[in-house]
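Student: Please take me through one part of this model in detail. I want the charged pairs first, then whatever surrounds the ligand and the nonpolar core.

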Amino acid sequence: MPAHARAADPAADYLLHCAACHGVDRLGGMGPALLPENLSRLRKAEALKIVREGRAATQMPPFAEVIEGEALTKLLDWVYTPVVPAPRWSADDIRASRIQHADPAQLGERPVFSADPLNLFLVVEAGDHHVSVLDGDRLEPIHRFPSRHALHGGPKFAQGGRYVFFGSRDGWVTKYDLWNLQVVAEVRAGINTRNVAVSPDGSHVAVANYLPHTLVLLDGDLNLLKVLDATDRDGKQSSRVSAVYEATPRQSFIAALKDVPEVWEISYTRAVEDIPVGFIHDYKQREGAFIPGYLNPRRTQLADVLDDFFFTQDYSELMGASREGAGQVVNLDVRKKVADLPLAGMPHLGSGITWDWQGRRVMASTNLKTAEVTVIDLKTWEVLRRIPIRGPGFFLRSHENSRYAFVDSMMSPENKHILQAIDKETLEVVREIAGEPGRTLAHVEFTRDGRYALASLWEDDGAIVVYDAATLEEVKRLPMKKPVGKYNVWNKVMREEGTSH
Ligand code: DHE
């Protein structure tokens with residue numbers, strides 16, 4: 001009997017039509033997890049269209065003939081309703097999910113291709129959940145492989161760019177060997193994940209989760225080391241983890257909690273001697289007096305929660321903001337807020353960049369709600385300039401060899417096809433690249449030498465568009481399926497000042 005011919009029973013319909021791919025518990029399987037937390041970025045009308053028509057280039061078939069009317073509406077309402085009690089993802093679940101895809105002992109010690117391994121680009125293609133590997137000199141793809149559903153956040157490189165770690169919104173962490181072009185291992189560290197961070201030697205991985213409320217620590221082979229419950233000091237209130245980043249000079253991961261006003265520092269080294277002299281000299285002088293315990297959070301209590309943040313050059317301080325834009329500077333050594341940041345709207349600090357401007361170090365960030373790039377003095381915390389742009393933008397990128405910083409206006413329906421070039425000296429928009437109206441052009445990344453800027457034509461029938469970074473002339477187009485972010489190995493490994501870390 002077709003679903004519309006009997007009384008609607010969404011739970012039964014789910015088991016009948018959806019569970020095989022999306023999991024009996026809605027935690028995902030071959031298809032993504034169907035929980036409100038994982039669906040929060042998909043409007044119901046869009047979800048309805050996908051269920052009716054299926055999703056091109058994926059395994060999702062059309063259900064228009066099978067389920068319709070009230071039954072379909074009820075089914076959708078049901079998957080957008082939280083599971084009570086909230087689904088759990090325990091240490092045992094994490095361990096059991098781990099998949100070893102390749103035997104590390106069998107992996108060769110040299111790249112299997114002739115391209116410069118330090119000038120490769122990884123392009124995340126959201127259209128059909130793949131990653132393309134580009135040769136950054138020839139600007140040609142050399143490989144393409146399937147990824148987990150909905151990767152989010154920048155992939156993180158380790159061991160000089162040989163390994164790269166991806167995080168998916170559904171909690172999967174993938175370790176990929178770029179020299180051998182092979183997935184090495186995968187593990188599901190959570191149900192709804194924000195991002196991952198990796199130590200430069202690839203020995204430690206941290207995973208920030210929204211669901212469950214945990215920060216998961218893995219070793220470099222993706223074996224579980226520890227699950228940290230994200231709660232306040234008394235263990236009374238739990239929290240989503242906003243984001244986690246790696247702070248090399250401190251040999252630690254820094255994480256912000258979204259529902260509890262705390263920043264955590266988690267050391268991934270046991271030895272004080274491991275911390276390089278020069279960056280944070282206080283560390284050595286105080287001989288471990290405030291080195292957090294290995295894999296234990298050291299808490300900094302704040303007045304406001306942080307949604308995302310950006311480190312200063314020496315990693316002693318971070319600039320953070322809540323979703324409402326309340327900005328603050330937190331000193332990680334003295335463990336308190338040291339200044340307010342005059343930010344409003346929804347600054348997207350994670351994609352901030354820095355450069356030298358008139359003898360000062362400045363940081364610039366987009367804002368997801370306000371059509372401006374905000375330039376801030378990294379010493380005085382004063383806002384030096386609010387550069388008006390075409391619309392609220394997501395990503396900002398430059399390179400030390402480029403006079404321009406490129407910004408998109410992705411959040412503006414009218415202007416999402418326009419990239420703008422800001423002159424880093426005059427702090428003004430000086431050039432524009434207009435794509436086709438209605439088709440998003442966003443997220444720029446430079447080649448290793450800064451000569452070319454690659455942007456995403458962010459559509460299912462999209463492309464990577466390569467521009468000459470000086471003349472802004474289009475050089476070539478590489479067809480891609482909804483390319484999202486792209487990441488140059490050299491720029492990431494060297495922590496190039498114009499790119500996000
Ligand atoms: Fe992102 C990075 C948060 C929505 C694409 N995004 C990040 C980071 C954070 C963040 C904290 C830095 C993590 C890192 O790189 O390790 N993103 C958020 C949000 O809070 C927000 C606004 C809402 C949400 O539900 O998550 C959000 N992000 C999006 C999108 O809708 C985007 C455009 C499409 C998508 O695929 O989800 C998107 N976010 C990205 C990308 C990066 C990213 C491509 C990596 C940028 C880089 O160049 O490093």
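Tutor: What follows goes through the salt bridges, one polar side chain, the ligand shell and the core.

Keep in mind that this is a predicted model. A search of the whole structure gives 32 salt bridges. Side chains of opposite charge can pair when their charged atoms come close. Three pairs and one network deserve a look.

Start with a pair inside a helix. Glutamate 70 and lysine 74 form a salt bridge, with 3.1 Å between the closest N and O atoms. Both residues sit in helix 4 (residues 69-79). They are 4 residues apart there, so about one helical turn separates them. Glutamate 70 is exposed, at 52% relative accessible area. Lysine 74 is partly exposed, at 35%.

Next comes a pair that spans more of the sequence. Aspartate 423 and arginine 403 meet through their side chains in a salt bridge of 3.0 Å, N to O. Aspartate 423 belongs to strand 27 (residues 418-423). Arginine 403 is in the loop between strand 25 (396-397) and strand 26 (404-408). The pair therefore ties together parts that are 20 residues apart in sequence. Burial splits this pair. Aspartate 423 is buried, with a relative accessible area of 7%, whereas arginine 403 is exposed at 52%.

The third pair is arginine 439 with glutamate 436. Their side chains form a salt bridge at 3.7 Å, N to O. The cut-off for a salt bridge is 4 Å, so this pair counts. Arginine 439 is buried, at 18% relative accessible area. Glutamate 436 is partly exposed, at 46%.

Salt bridges also join up. Arg250, Glu265, Arg298 and Asp333 are linked in a network of them.

Now a polar side chain. Asparagine 331 lies in strand 19 (residues 327-331). Its relative accessible area is 13%. Buried means under 20%, so asparagine 331 is buried. The side chain of asparagine 331 makes a polar contact of 3.3 Å with the side chain of glutamate 317. Leaving aside residues up to four places away in sequence, asparagine 331 touches Ser316, Glu317, Lys336 and Val338.

On to the ligand. It is surrounded by 23 residues. The closest are His152, Lys156, Arg323, His443 and Ser500. By type, the shell divides into 9 nonpolar, 7 polar and 7 charged residues. Strand 9 (192-198), strand 13 (241-247) and strand 33 (483-488) each supply at least two residues of this shell.

Three polar approaches to the ligand can be listed. A polar backbone atom of glycine 154 is 2.8 Å from an oxygen atom of the ligand. A polar side-chain atom of arginine 194 lies 2.8 Å from a ligand oxygen atom. For asparagine 195, a polar side-chain atom lies 2.8 Å from an oxygen atom of the ligand.

Last, the core. The largest nonpolar core has 25 residues. Phe165, Val173, Val205, Val207, Val216, Leu218 and Leu222 have the most contacts inside it. Strand 6 (163-167), strand 8 (182-188), strand 9, strand 10 (204-211) and strand 11 (214-219) each supply at least two residues of this core. Strand 9 thus appears on both lists: it supplies at least two residues of the ligand shell and at least two of the core.

Valine 207 shows the packing residue by residue. Not counting residues up to four places away in sequence, valine 207 touches Val173, Ala189, Thr193, Asn195, Val196, Thr214, Leu215, Val216, Leu218 and Val244. Among them is Asn195, the asparagine with a polar side-chain atom 2.8 Å from a ligand oxygen atom.

Terms used: Residues numbered from 1 in each chain as written. Predicted model: local features only at pLDDT ≥ 70, side-chain atom pairs only at ≥ 80, totals over all residues. Heavy atoms only, no water. Buried < 20%, exposed > 50% of the residue type's maximum accessible area, 1.4 Å probe, protein only. Polar contact = N/O pair within 3.5 Å; in protein donor to acceptor, adjacent residues only side chain to side chain. Contact = heavy atoms within 4.5 Å. Near = heavy atom within 4 Å. Nonpolar A, V, L, I, M, F, W, Y, C, P; charged D, E, K, R; others polar. Core = buried A, V, L, I, M, F, W, Y, C linked by side-chain atoms within 4.5 Å.
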